[in-house]
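Before turning to the details, it helps to have the chain in view and to settle what is meant by the terms used along the way. Please keep the structure open while reading.

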Amino acid sequence: QVQLVESGGGSVQTGGSLTLSCAASAVIFRPYTTAWYRQVPGKQRELVASLTSDGTSNYVDSVKGRFTISGDTVPTSVFLQMDSLKPEDTAVYYCNFKTLASESWGQGAQVTVSS
């Protein structure tokens, strides 16, 4: 199974920016979908943004216009640029890579936004 290594995250004040990165340990062949999820204690994991290998992106309404998902191919990576952060964005963020044959998750990165 492909290992995913996340980096980034941290603590910022309202209105600040952070970038999350996630790199795969091996080449991932198309077609695939990369995504970022987030989870707060006591709630279900929420899909924040996704990006397919053909370049199609989608966002949950609450982050549209503030977050940007992007990717790279060598190594297969996904990034989440988060701008205009709000306290309600506070969560553990997980990257996800899904192919026709497998699914992998990153270890999670804490993002804390203070008011």
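Two strands are taken to pair if DSSP finds at least two bridges between them. With that in mind, and remembering that this is a predicted model, one may begin at G71, which stands opposite V78 in β8. The two strands concerned, β7 and β8 (residues 76–82), pair in the antiparallel sense over seven bridges.

This pairing belongs to a wider arrangement, an open sheet of four strands that follow one another in the order β1-β3-β8-β7, with antiparallel pairing. At the edges of the sheet stand β1 (4–8) and β7 (67–73), and because each of them has a single partner strand, one side of each is left without a neighbour in the sheet. If the direction of the strands is ignored, neighbours in this sheet are turned against each other by 15 degrees on average. In general, strands of a sheet pair through backbone hydrogen bonds, in either a parallel or an antiparallel manner.

The next feature to look for is a disulfide, of which a search of the whole structure finds one. The cysteines that form this disulfide are C22 and C95, and their sulfur atoms are 2.0 Å apart, which lies within the cut-off of 2.5 Å. The pair links distant parts of the chain, since C22 sits in strand β3 (residues 18–24) and C95 in strand β9 (residues 91–99), 73 residues apart. About the S-S bond of C22 and C95 the torsion is about 55 degrees, and the disulfide is therefore right-handed. How accessible are the two partners? C22 has a relative accessible area of 1% and is therefore buried, while C95, at 0% relative accessibility, also counts as buried, the limit for this class being under 20%.

Two places in the loops deserve a separate look for their backbone geometry. The peptide bond leading from R30 to P31 is cis, with omega near 0 degrees, and P31 itself is found in the loop between β3 and β4 (32–39). In the loop between β8 and β9 lies S84, whose phi is positive, at about 50 degrees, although S84 is not a glycine. Is S84 buried, exposed or partly exposed? With a relative accessible area of 40%, S84 is partly exposed, because this class covers the range between the buried limit of under 20% and the exposed limit of over 50%.

Methods: Residues are numbered from 1 along each chain as its sequence is written. This is a predicted model: local features need pLDDT of at least 70, side-chain atom pairs count only at pLDDT 80 or more; totals for chains, interfaces and linings use all residues. Side-chain values use heavy atoms; hydrogens and water are left out. Buried means under 20% relative accessible area, exposed over 50%, partly exposed in between (1.4 Å probe, protein chains only). Axes are lines fitted to C-alpha atoms, for helices over the stretch in contact, and angles run from 0 to 180 degrees between N-to-C directions.
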